[in-house]
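Work through the exercises below with the sequence and the coordinates open. Each task is followed by a solution in steps.

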Amino acid sequence: MGRLFRWFSRPLLALQDSEKAHSRSLLLLRLASSNPLFRGMLRLIYKPKKQLQTSCFGLQFSHPFGLAAGMDKRAEALRGWESVGLAFAEIGGVTMLEQEGNPKPRMFRHGRDRALVNRMGFNNPGSEKIVQRLHKAGSQSIPIWANLGKSKRTPLDEAKDDYATSLTRLWPFIDLFVINVSSPNTPGLRELQHGDHLKGILTECQQANRLCSEQNNASEKPLLIKVAPDLTTEELNSILDMAMSCGIDGIVATNTTLQRPNEIHKVYNEQGGCSGVPLRQQSTEMIRHIYAYTNGTLPIVGVGGIMNADDAYEKITAGATLIQAYAGFVFEGPGLTKAIVHGLHKRMKASGFSSISEAIGSANK
Ligand SMILES: Cc1cc2nc3c(=O)[nH]c(=O)nc-3n(C[C@H](O)[C@H](O)[C@H](O)COP(=O)(O)O)c2cc1C
């Protein structure tokens, strides 16, 4: 199936504008997964036959691989993600206000390097409309995460209310929240990764989380912070110190990078965040550092340049408990999940581990 995608679908998609190709693929998945017969067929083709049970954040995952933020910004294809075998899906980024995002074109592909550059700018219908979609979609069979961003119009000083409002609205429908302070495409957003701004956002979101849990007579939802790969070590350490002192549940590492490979190519001249293969090593190094700095006490979700099982295993042995991809699906297609889960299973056995949890951080020991 991977070859079929590489030989036929990928060249066809490459002829289309990146964002249009993305919208068409998403529409196709939404349509296919709205019918039980097609859902069954998708499962038959794409769902991994092997399981790699993982539990983290008080949630159960059939294996450690899920969908990264940005692919399903509008929560359009919720049923589809489970049908193609993913263990969890992160919707969004969702902001408090509906917004169009940056002018098009704003998403660019470099096929040979398997790299993407995007400056989408949190195009999404806003948390109020997303709630309606989630309500209509009903409960899902895999954990659904939400990526929370700040509305462009909201000043940085009021960011905490923006995040907490979306969290409160989405709370009944979402299993885990990722506080995204690391997108490079909203002016000033990355400043929220530091000092009082971050403290304010975390405190406000935790309060909102507590309130929702009391009102719903249920446990609080896990809260994670998503960081940029362009932070200095000192900046990253101070985020980790704050996350641990505030009782944050985990870190997502990483978002897209502002750096570019040395190669000259028109895609790399575009403004925005770069992801895919050029980000892989930078994100893995960051995971390695976070794991070492926190003594493996703060669970890490590893994301950045995962294209195959080797990349996935590298992230896990560097310290990631769960892993995600975006670019990998664009360049390798929907067969990626099966290839990764089966490949991880093989590598885990070859290393003599009886469960995937034994592999976490093993390259650092
Ligand atoms: C078009 C596009 C949109 C994205 N939107 C978001 C977003 O809204 N929130 C977020 O935290 N990350 C977003 N990301 C970043 C991805 O979730 C991921 O962290 C990054 O692409 C690295 O993973 P990859 O190399 O597998 O693509 C986006 C990435 C792309 C390519």
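For the residue classes, Ala, Val, Leu, Ile, Met, Phe, Trp, Tyr, Cys and Pro count as nonpolar, Asp, Glu, Lys and Arg as charged, and the others, Gly among them, as polar. The model is predicted: local features need pLDDT of at least 70, side-chain atom pairs count only at pLDDT 80 or more, and totals for chains, interfaces and linings use all residues. Residues are numbered from 1 along each chain as its sequence is written, and side-chain values use heavy atoms, with hydrogens and water left out.

**Exercise 1.** State how many residues surround the ligand and how they divide by class.

Step 1. Take each residue with a heavy atom within 4 Å of the ligand. This shell holds 25 residues, and the closest are Ala69, Asn147, Gly276, Gly305 and Tyr326.

Step 2. Sort the shell by class: 10 residues are nonpolar, 13 polar and two charged.

**Exercise 2.** Find polar contacts of the ligand with Ala69, Asn147 and Lys226.

Step 1. Use pairs of N or O atoms within 3.5 Å; within protein, one must be able to donate a hydrogen and the other to accept it, and residues adjacent in sequence count only if both atoms are side-chain atoms.

Step 2. For Ala69, a polar backbone atom is 2.7 Å from a ligand oxygen. Polar side-chain atoms serve in the other two cases: Asn147 at 2.8 Å from a ligand oxygen, and Lys226 at 2.9 Å from a ligand oxygen.

Step 3. Of the 610 Å² that the ligand exposes when taken alone, the protein buries 98% (Shrake-Rupley method, 1.4 Å probe; for residues, only the protein chains shown count as cover).

**Exercise 3.** What is the volume of the largest cavity, and which residues are closest to its centre?

Step 1. On a 1 Å grid over the protein atoms alone, a cavity is a set of points where a 1.4 Å probe fits but cannot get out; lining residues have an atom within 4 Å of a point. Points are joined across faces, edges and corners, and the volume is the space filled by probe spheres set on them.

Step 2. The largest cavity has a volume of about 460 Å³. Its lining has 33 residues, with Ala69, Asn118, Asn255, Thr256 and Tyr326 closest to the centre.

Step 3. The lining divides into 14 nonpolar, 17 polar and two charged residues.

Step 4. The ligand sits in this largest cavity (more than half of its atoms lie within 2 Å of the grid points).

Methods
On a 1 Å grid over the protein atoms alone, a cavity is a set of points where a 1.4 Å probe fits but cannot get out, and a pocket is an open set with protein on both sides within 12 Å along at least five of seven lines; lining residues have an atom within 4 Å of a point.
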